[in-house]
Amino acid sequence: MNSNTQRSLSALVLAIGLQFLTAANAQVDESIDCSDPGKLDAWGLRHCAARANQLTDFELNNAFKALRAMLEADHQRLLDTAQKAWIAWRDRECDFETSAVQGFDRTGSIYSTVWAACRESLTAARTKAIRSHLRIFKE
């Protein structure tokens, strides 16, 4: 297996793992206070990062659907292509940003929290950009 295939498989496994983590944490007690990360243990930090990802994903998906609904078919295809490319970029960017945390070892306890925080931050920025497009297309 060449290194590109290995990286692709690793990214896929990581993405699936984060989706599982997010889905699993959706079932967790919502009474965890995420407002003061300094008071949280590693599990609490992962939980709060997953919760933040759920919220930003929800907001991005809603903005994306609203924008897509305003577009004609040709523009929808362009938006779909751009969004798929952006998701791939976001995930690789977060891989890079988190590489300093544990080198390339993705088993450290802080890695998933830092990766999720990166993902949440970039997703929030993308949501802002999509909402900006929405305003432009409404005019």
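**Charged side chains and helix packing**

In this predicted model, the side chains of Arg68 and Asp80 meet in a salt bridge, with 2.7 Å from N to O. Arg68 belongs to helix α2 and Asp80 to helix α3, which covers residues 73–102, so the pair ties together parts that are 12 residues apart in sequence. Arg68 has a relative accessibility of 28% and therefore counts as partly exposed. The general idea behind such a pair is simple: side chains of opposite charge can pair when their charged atoms come close.

The count of salt bridges comes to 6. Another of them joins Arg119 to Asp57, whose closest N and O atoms are 2.9 Å apart. Here Arg119 sits in helix α4 and Asp57 in helix α2, so this salt bridge ties together parts that are 62 residues apart in sequence. Is Arg119 buried or exposed? Its relative accessibility is 15%, and the cut-off for buried is under 20%, so Arg119 counts as buried.

The two helices that hold Arg119 and Asp57 can also be described by how they pack. Helix α2 runs over residues 42–70, and its axis lies 8 Å from that of α4, at an angle of about 20°. That angle makes α2 roughly parallel to α4, because angles under 35 degrees count as roughly parallel. The crossing of α2 and α4 is left-handed.

A salt bridge can also stay within one helix, as the next pair shows. Asp95 and Arg92 form a salt bridge in which the closest N and O atoms are 3.0 Å apart. Both residues are in helix α3, and being 3 residues apart there, they are separated by about one helical turn. Asp95, at 13% relative accessibility, counts as buried, whereas Arg92, at 40%, counts as partly exposed.

Arg126 is a case without a partner. This residue lies in helix α4, which spans residues 111–138. Arg126 is buried yet has no salt bridge. Which side chain of opposite charge is nearest to Arg126, and how far away is it? The nearest is Asp80, at 8.9 Å, while a salt bridge needs the nitrogen and the oxygen within 4 Å. Asp80 is also the residue that forms a salt bridge with Arg68.

What, then, does Arg126 touch? Leaving aside residues up to four places away in sequence, Arg126 is in contact with Leu60, Leu79, Ala82, Gln83 and Trp86.

Terms used:
Residues numbered from 1 in each chain as written. Predicted model: local features only at pLDDT ≥ 70, side-chain atom pairs only at ≥ 80, totals over all residues. Heavy atoms only, no water. Helix = DSSP H or I, 4+ residues; strand = E, 2+ residues; numbered from the N terminus. Buried < 20%, exposed > 50% of the residue type's maximum accessible area, 1.4 Å probe, protein only. Lys, Arg positive; Asp, Glu negative; His and termini not counted. Contact = heavy atoms within 4.5 Å. Axes fitted to C-alpha atoms, helices over the stretch in contact; angles between N-to-C directions. Parallel < 35°, antiparallel > 145°, perpendicular 65-115°, else oblique. Left-handed = near helix turned anticlockwise from the far one by under 90°.
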